[in-house]
Amino acid sequence: MLKNITAIALSLGLAFGSAQACTGISLESADQSQIVARTIEWGASVLKTDIVLVPRKHSVQTQTAEGPGLQYQTRFGFVGLSIESENFVVEGVNEKGLSAGLFFFPKYGRYPVYDKNQSSRTIGDMQFVAYVLGQFDSVESARQGIANLRLAETIKGAGTVHFRIADSTGKQIAVEVIDGKMQIIDNPLGVLTNSPDLRWHLTHLNQYMNWQTGSLADRSFGPLKLSQFGVGAGLQGVPGDISPASRFVRAAIMQETAPKLADAKEAVLYSFSILNSFDIPIGLEMSGIQESNPLISATQWTSSTDMTHRKLYYRSALNAQIRMIDLNGIDFSQARYGVQPLETVSEQPIQALTLQANSKKK
C-alpha cells in the first residue's frame, strides 16, 4: 500500500495541471554511445524529488486508485528519480542499460476501467517506470513483457501519462494508452513531449519540412534584393512557444542538427545544452503567479542518461552543477534499497574570483 496517498494527491493538485511540459530527446555519439535526456516541469511548488536505488530481488506490491495492482520481484537493479513519493519513479536506468521515463499525456489518453479480477496484470501509472526498469533488460523484452498489462490511475483524477523506453542498442518505443488500449509505438526520432499522441507529432513535422540551418542566399523580389538580417533565417517559422507540439518540433530540429559528438561525455553535455533551450521561466508556465512562489523556473530538473555506460546525470533549476551517478560502482546483488534527496542544498553555487593586480610598472 502506498503511504500518504491522499496527501500526495493534494500536493500534486489532483490534475498535474502545471506539469505538462516534459521534453525528451535522444543522441548518438560517433562511438555509438546512446544518450536519452529530458526535462521535468512543475510550476505550482517545489517538487520533492529523490534518488532511489532499487536492488535485485526487491519485492513490490503496486497500488492503483481503485485497489491493489500486481505484485512482483525485481530481476534487475536500477537507479531512478522519483517525484513526491519514492514509489513514483519517473526517470531511471537499470544495470543492463535500459532506460524508462514518464511524460504527462493529458486529455488524449484513457485507461481501461479497473477490474479487481485482473489486478494481477494491472499496474498504477506512477509505478510503471519502476516496473519496467526492474523487470526488463532491453526494449524488445519490455515490448513483449508489457503487452498484456492494464494501466490504471495511481491518483484519482490526476490524468494520464505516456512513457519512453530505450536501450543501449538505440531502439526506442513509446507506450500510450488510448481508448483503454495499450499502444506500443516505435519512436524513430527518440523525441517525446506531451499531448497529442506520438503518431500525431511525427505527422505534424511535415508542416516544417522547409527549415534549414546556415545562411540563406540573397534573392530578388521584383525590383528589390532581399538579404537575411542575420544567421538563422532558414529557421524562421519554427514555433517558439512552450506548447507540447511546438517543443516537439524544436527538439527534433535541435537534435537533428547536433554536430558530430565524439563520445558519450560530449553527447551528454550537448544534451544539456539542447535542453537549456527548453527551460521554462515560471512566468510563462503560470498565469497570475504570486510573488511568493519560490520557483525561478517551472523546469525543476533535467537529466541525461548514458545507457551505453550506465551513467545517470542531472542538474536542477536551483543548482546547474551537473552531477552523475555511475551504476557500474553498485553491486545490485548486494545493495540495499535506499532513498536520498536529489540535492540537500538548493542554491546555485557562485564562485567569487579574486583578480591579481598587475604589479609591473609601465
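Colleague: Which residues of helix α2 are buried, and how should I read that word?

Modeller: A residue is called buried when its relative accessible area is under 20%, exposed when it is over 50%, and partly exposed in between, with a 1.4 Å probe and only the protein chains counted. Helices are DSSP runs of H or I with at least four residues, strands are runs of E with at least two, and both are numbered from the N terminus. In α2, which spans residues 128–135, the buried residues are F128, V129, A130, Y131, V132, L133, G134 and Q135. That is eight of the eight residues, so the helix is largely enclosed by the rest of the structure.

Colleague: What should I know about the model and its numbering before going on?

Modeller: This is a predicted model, in which local features need pLDDT of at least 70 and side-chain atom pairs count only at pLDDT 80 or more, while totals for chains, interfaces and linings use all residues. Residues are numbered from 1 along each chain as its sequence is written, and side-chain values use heavy atoms, with hydrogens and water left out.

Colleague: How many salt bridges are there, and by what rule?

Modeller: The rule asks for a side-chain nitrogen of Lys or Arg within 4 Å of a carboxyl oxygen of Asp or Glu, and by this rule the count comes to twelve. One of them joins D179 and R110, whose closest N and O atoms are 3.8 Å apart. D179 sits in the loop between β12 (172–178) and β13 (181–186), and R110 in the loop between β8 (99–104) and β9 (122–124), so this pair ties together parts that are 69 residues apart in sequence. D179 is exposed, at a relative accessible area of 53%, whereas R110 is partly exposed, at 45%.

Colleague: Which residues are joined into one network by salt bridges that share partners?

Modeller: It helps to take the pairs one at a time. E140 forms a salt bridge with K171, with the closest N and O atoms 3.8 Å apart. E140 belongs to helix α3 (residues 139–146) and K171 to the loop between β11 (161–166) and β12, so the pair ties together parts that are 31 residues apart in sequence. E140 is partly exposed at 29% relative accessibility, and K171 is partly exposed at 42%. R143 and D186 also meet through their side chains, in a salt bridge of 2.8 Å from N to O. This pair links distant parts of the chain, with R143 in helix α3 and D186 in strand β13, 43 residues apart. Through shared partners, salt bridges join E140, R143, K171 and D186 into one network.

Colleague: Which residues make the patch of negative charge on the surface?

Modeller: A patch is built from residues with over 30% relative accessible area and no salt bridge, where like charges are joined within 9 Å and nonpolar side chains (Val, Leu, Ile, Met, Phe, Trp, Tyr) within 5 Å. Asp and Glu count as negative, Lys and Arg as positive, and His and the chain ends are not counted; each charge is placed at NZ of Lys, CZ of Arg, CG of Asp or CD of Glu. Areas come from the Shrake-Rupley method with a 1.4 Å probe, and for residues only the protein chains shown count as cover. Here the negative patch gathers E28, D31, D263 and E266. D31 lies in the loop between β1 (24–28) and β2 (34–41), and at 41% relative accessibility D31 is partly exposed. A nonpolar surface patch of about 300 Å² is made by F221, L224 and L226.

Colleague: Is L295 buried or exposed, and what is L295 in contact with?

Modeller: L295 is buried, with a relative accessible area of 11%, and lies in the loop between α7 (282–285) and β16 (299–306). Contact means heavy atoms within 4.5 Å; leaving aside neighbours within four places in sequence, L295 is in contact with W42, G43, A44, S45, V46, I282 and Q300.

Colleague: Where is the cis peptide bond, and which phi does K107 have?

Modeller: Most residues other than glycine have a negative phi, and most peptide bonds are trans. The bond from S195 to P196 is cis, with omega near 0°, and P196 is found in the loop between β13 and α4 (198–204). K107 has a positive phi of about 75° although it is not a glycine; K107 lies in the loop between β8 and β9 and is exposed at 83% relative accessibility. D179, also not a glycine, has a positive phi of about 55°.
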